[in-house]
Amino acid sequence: MTRTAVARDGSLFRLGLGVAALAVVALVLGIAFVLVDGSLLSLRAFGFSFWRTQVWDPVARRFGALPFIWGTLYSSFLALLLAAPVALGIAVFLSELSPRLLRQPLTFLTELLAAFPSIVYGLWGMFVLVPVVRKLEVATPGWMRHVPLFSGPPLGVGMLAAALVLAVMVVPFTAAVAREVLKAVPGAQREAAYALGATRWEAIRMALFYGRTGIIGAVMLGLGRALGETMAVTMVIGNNPQVSPSIFAPQYTMASVIANEFTEAADPLHLHALVEIGLVLFLLTIVINALSRLLLWRVGKKEEAPAVPAAAAPVAA
Amino acid sequence: MKATSAVDLRRRAVSRAVEVFCAASVVLALVPLGMILFFVLRQGLPALNGAFFTEMPKPVGEPGGGMANAMVGTLILIGIAALAAVPVGIACGVYLTEYRRARLSTAARFSADVLNGVPSIVIGIFAYQAAVVPFRRFTALAGGLALGVMMLPLIIRTTEELLGLVPPSYREGSLALGATRARAVWTVVLPAALPGIVTGVLVALARVAGETAPLLFTSFNNQFWSTRLDQEIASLTVQVYTYANSPYEDWHRQAWAGATVLIASVLFFSLLSRFATRRLERMHRGTA
């Protein structure tokens, strides 16, 4: 081939592939556009009061999304409170403590949890976990039920069940990323600690401290997942729009209200209000994910950033 | 010097306690895993008979029936998703490895990351606005499109990672023999990574086959037999959701059976990908 033919061949190749790369960028922009375009009515009608008011009444055409954002943030916060220590414990065990023989199978098993469809979590939550939570609530002594945190009738479905299901779903995800972070901590850090006479925990603490930004990134990545989780939460949270501090109370999340009401929203304003909730969920997860990536990237700057496993962990390198 | 002062004892006790906590965490994570597997299999396996795979859903009140239409529906949906996402995803993954530092690569990599983090319900809204509203009806095509969008970042990442595992000497060799860049990629680099990419695609398919939220208002649901792309179509996940929310004992049983099928496919593809990845890693180390 002549030189120009080779050059043409090269630029055609680049062009062809570039179209695909461009399509991916365009897709994200397209999603953003569709979400803004689809929520204009609601954005214009309510402005910021949409996020400050509590009344959600499609019949009266009054839409206040505070209960949903509250439910989403509260359930995700509780889930992380439960999941983060356990996930870190798993990451430490698998990367620092586990006997060699057990490491591979245990890693596989803990990451398997991340691959289960959320509908299966929902089914399990609905028929297995909720009855257990209900028993727990019934068994709660009377004086405790006066505390706002535990008030309300013992229904089973509610914030606690949602937080528990979410925690189970987030643990494998956060654990996998935290393990990658610990792997990226240079061995010299630990050796130095041991050389100074540190106990195992003191050496691990060094490693955790060294990778602290990455560890925070791992937890935030879990947060990003919890915020957007739909099916499992919808099936156990009780779907009642209210702002309540009680973990026994049935509440509602942003993703759940979209799932439940979208097909029934005949009123354009109702539909636009739901899309606006989707828009905010979209922006929220972008910010959280970008932040966590930034933190993870800072840890792995020396090599490649630690590979964040796609939830199914197809190629845990 | 005394070997064990009180401080030393305390430090060791704390260390021991943390080790126990870490081991307990692993056990704690395995409890829900075991519980879910146990309940899904216990409730699902007995309902998993021939009729479940071959029969249509029965009307309310009539026991029996199956999810044949939903299973075919799910296959059609992920088929559409694969047709839409695999070519674009692999091409984009190749671009990212070939032109690592191009500005478009940075943008595309960031977009793929964003896409991976977008909640599936939001992707559902997108597909609704883009593919349901213009035609004024729920369609299999819209559902497949939503699943395709979910697959895309998974395929891009798999492709990029696996191409990175192919030894550089492969491409250098073919370039040295006078191959153009396109030819080197197409005939040497890509085929070397292909088994891994195929597994990655299968895992991604298994994963989106388990999605429910993006289908709720795109492909909707259908109690009847339908393979048409311009009609609403049943899917395993939406059917499980509908049945779980129903008050009927028999439908609950079928929901569990549906969950069993989902879990079984996830298990199968996870194991498959594990073996495929291992082989590629060996190749990367140059021992295969």
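This briefing walks through two chains, how they meet, and how some of their helices cross. The model is a predicted one. Chain B and chain A share an interface with about 7400 Å² of buried area, and one of the salt bridges in that interface joins B:Glu19 to A:Arg200. Helix H1 of chain B is a good place to begin looking, since B:Glu19 lies in it.

**Chain A at a glance**

- Chain A is built from 12 helices and 2 strands.
- Read from the N terminus, its elements follow the order α-α-β-β-α-α-α-α-α-α-α-α-α-α.
- The C-alpha trace of chain A measures out, along its principal axes, at about 70 × 65 × 30 Å.

**Where the two chains meet**

- On the chain B side, 88 residues are in contact with 85 residues of chain A.
- The area buried between the two chains is about 7400 Å², and carbon and sulfur atoms give 80% of that area.
- The interface of chain B and chain A holds 3 salt bridges, while the whole structure, over all chains, has 17.

**B:Glu19 and its partners**

- Side chains of opposite charge can pair when their charged atoms come close.
- Across the interface, the side chain of B:Glu19 forms a salt bridge with that of A:Arg200, at 3.3 Å from N to O.
- Within chain B, B:Glu19 also forms a salt bridge with B:Arg16, where the closest N and O atoms are 2.9 Å apart.
- B:Arg16 and B:Glu19 both belong to helix H1 of chain B (residues 6-44), and they sit 3 residues apart, about one turn of the helix.

**A helix pair across the interface: H3(A) and H1(B)**

- The axes of H3(A) and H1(B) come within 7 Å and cross at roughly 110 degrees.
- That angle makes H3(A) roughly perpendicular to H1(B).
- From H3(A), the contact is made by A:Pro85, A:Val86, A:Gly89, A:Ile90, A:Val92, A:Phe93 and A:Leu97. From H1(B) come B:Glu19, B:Phe21, B:Cys22, B:Ala23, B:Ser25, B:Val26, B:Leu28 and B:Ala29.
- Sorted by class, the contact of H3(A) with H1(B) has 12 nonpolar, 2 polar and 1 charged residues.

**A pair within chain A: H3(A) and H9(A)**

- Helix H3 of chain A (residues 66-97) also has helix H9 of chain A (residues 212-228) beside it, with axes that come within 9 Å and cross at roughly 140 degrees.
- H3(A) and H9(A) are therefore oblique to each other, and their crossing is right-handed.
- In H3(A), the residues that meet H9(A) are A:Thr72, A:Leu73, A:Ser76, A:Leu80, A:Ala84 and A:Leu88. In H9(A), their counterparts are A:Ile215, A:Val219, A:Gly222, A:Leu223, A:Ala226 and A:Leu227.
- The residues of this contact between H3(A) and H9(A) comprise 9 nonpolar, 3 polar and no charged.

**A pair within chain B: H4(B) and H6(B)**

- In chain B, the axes of helix H4 (residues 103-117) and helix H6 (residues 140-165) come within 8 Å and cross at roughly 130 degrees.
- This makes H4(B) oblique to H6(B), and H4(B) passes H6(B) in a left-handed crossing.
- H4(B) brings B:Arg109, B:Ala112, B:Asp113, B:Leu115 and B:Asn116 to the contact. H6(B) brings B:Val149, B:Leu152, B:Pro153, B:Leu154, B:Ile156, B:Arg157 and B:Glu160.
- By class, the contact of H4(B) with H6(B) has 7 nonpolar, 1 polar and 4 charged residues.

Key: Residues numbered from 1 in each chain as written. Chains lettered and ligands numbered in written order. Heavy atoms only, no water. Axes fitted to C-alpha atoms, helices over the stretch in contact; angles between N-to-C directions. Helix = DSSP H or I, 4+ residues; strand = E, 2+ residues; numbered from the N terminus. Parallel < 35°, antiparallel > 145°, perpendicular 65-115°, else oblique. Left-handed = near helix turned anticlockwise from the far one by under 90°. Contact = heavy atoms within 4.5 Å. Nonpolar A, V, L, I, M, F, W, Y, C, P; charged D, E, K, R; others polar. Buried area = accessible area lost by both parts, 1.4 Å probe. Salt bridge = Lys/Arg side-chain N within 4 Å of Asp/Glu carboxyl O.
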